[in-house]
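Q: Got a minute to go through a structure with me? I have a handful of short questions.

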Amino acid sequence: MIGRSEEYAKMFELEGQLWWYRSLHERVETALLNQFGNRRDMRVLDAGCGTGGMLEFLRKRGYTDLRGIDGSDDAVTFCYERGLSVTKVDLKYLADFEPKTQYDAIICNDVFCYFTGLELPPLLAALAHRLKPDGVLITNNNAFNSFRGQHDIAVGILRRFVLADFTPLMPAAGLQISQSIYWSFLLSPLILAMRQWQRLGLALGWQTTETAKSDVYLPSAWLNETLYRVSHTEQKLFARTPFGSSLLMVLKKSQ
Ligand SMILES: C[S@@+](CC[C@H](N)C(=O)[O-])C[C@H]1O[C@@H](n2cnc3c(N)ncnc32)[C@H](O)[C@@H]1O
């Protein structure tokens, strides 16, 4: 993903509007509310914050102590445009970034997919190390290989996850899984059909890896709103669902 300037530009433009980002931001906020109640002053780090949509959403909701880090110049530049407090940091060297600072909450959304099987355990341990004793790590990740499509190629996703990929990594990282949910369950047939269609296009040569485009584009206003409503309703109705293109987890430090 790093270096694909056009993908950062799309993210910056659309993350406040697109149903998927709106749903993700609400799910993360719900996890914060569950952990901290109505407090808005806890120290929050968005690790791999992209163009800053999550941080901007939280700032609008009244959160006051927000920091971001990302390894991309494009991402950091867009965050500056939003007036966010963001630093360029390669998460592989997280330990070198303000080593004495710990956070009440760390958000790390759709970043683990850029780390290999060997790189992910040290990243999890480094993130855990930066949590205060009662802190939480909230992390959304691309789920299930059946959802692989053109999108994965366009944004350079190395891998997708299921919960069982994370469970064995928790003890060594000093973390435990407090909550997990796959989403969007109700929309998964639609997303699956779209991604399978994209794969067929690639297999038949209608698309190539060079022309692959991400799914970050705005559908018509009514469709975007309908998809958001379905996803929003699902969040209100179900505490746990078995399938979806994303896996959201709330991780806590092991006691
Ligand atoms: C798919 S985007 C997600 C951005 C944001 N978290 C969101 O939810 O919109 C992945 C982000 O991870 C960042 N990233 C990937 N590898 C990284 C690394 N080694 N260090 C820091 N950031 C990295 C990319 O620059 C990109 O902004």
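Q: Which residues does Asp65 touch, leaving out those up to four places away in sequence?
A: This is a predicted model, and in it Asp65 touches Arg40, Asp41, Met42, Arg43 and Val44, with residues up to four places away in sequence not counted.

Q: And where does Asp65 lie?
A: In strand E2, which covers residues 65–70.

Q: Is Asp65 buried or exposed, or something in between?
A: Asp65 counts as partly exposed, because its relative accessibility is 26%.

Q: How far apart are Asp65 and Met1?
A: They are 64 residues apart in sequence, and C-alpha to C-alpha they are 28 Å apart in space.

Q: OK, on to strand E5. Where does that run, and is Thr139 buried or exposed?
A: E5 spans residues 131–142 and Thr139 lies in that strand. Thr139 has a relative accessibility of 0%, so Thr139 counts as buried.

Q: What does Thr139 touch, if I skip residues up to four places away in sequence?
A: Thr139 touches Cys108, Asn109 and Phe112, plus Leu247, Leu248, Met249 and Leu251, with that same sequence limit applied.

Q: How far is Thr139 from Glu210?
A: The two are 29 Å apart in space, C-alpha to C-alpha, and 71 residues apart in sequence.

Q: What about Asn142, where is that found?
A: Asn142 is in E5 too. Asn142 is buried, with a relative accessible area of 8%. Not counting residues up to four places away in sequence, Asn142 touches Asp110, Cys113, Ile157, Arg160, Phe161 and Ser245.

Q: Switching to cysteines: how many disulfides are there?
A: The count comes to zero disulfides.

Q: Why is Cys49 not bonded to Cys79?
A: Because the sulfur of Cys49 is 3.9 Å from that of Cys79, its closest cysteine sulfur, which is too far for a bond. The cut-off for a disulfide is sulfur atoms within 2.5 Å. From the other side, Cys79 is in no disulfide, and the nearest cysteine sulfur is that of Cys49.

Q: Are Cys49 and Cys79 buried or exposed?
A: Cys49 counts as buried, at 6% relative accessibility. Cys79 is buried as well, with a relative accessible area of 0%.

Q: Now helices. How do H1 and H4 pack?
A: H1 is residues 5–14 and H4 is residues 73–81; their axes come within 9 Å and cross at roughly 30°. That makes H1 roughly parallel to H4, and H1 passes H4 in a right-handed crossing.

Q: Which residues make the contact?
A: On the H1 side, Ser5, Tyr8, Ala9 and Phe12; on the H4 side, Asp74, Ala75, Phe78 and Glu81. By class, the contact of H1 with H4 has five nonpolar, one polar and two charged residues.

Q: And H2 with H10, at what angle do they pack?
A: At about 25°, with the axes 8 Å apart; H2 is residues 19–36 and H10 is residues 221–237. H2 and H10 are therefore roughly parallel to each other, and their crossing is right-handed.

Q: Who meets whom there?
A: From H2 you have Trp19, Arg22, Ser23, Glu26, Arg27 and Thr30. They meet Asn224, Glu225, Leu227, Tyr228, Ser231, His232, Glu234 and Gln235 in H10.

Q: How does the contact of H2 with H10 divide into nonpolar, polar and charged?
A: Its residues divide into three nonpolar, six polar and five charged.

Methods
Residues numbered from 1 in each chain as written. Predicted model: local features only at pLDDT ≥ 70, side-chain atom pairs only at ≥ 80, totals over all residues. Heavy atoms only, no water. Buried < 20%, exposed > 50% of the residue type's maximum accessible area, 1.4 Å probe, protein only. Axes fitted to C-alpha atoms, helices over the stretch in contact; angles between N-to-C directions. Helix = DSSP H or I, 4+ residues; strand = E, 2+ residues; numbered from the N terminus. Parallel < 35°, antiparallel > 145°, perpendicular 65-115°, else oblique. Left-handed = near helix turned anticlockwise from the far one by under 90°. Contact = heavy atoms within 4.5 Å. Nonpolar A, V, L, I, M, F, W, Y, C, P; charged D, E, K, R; others polar.
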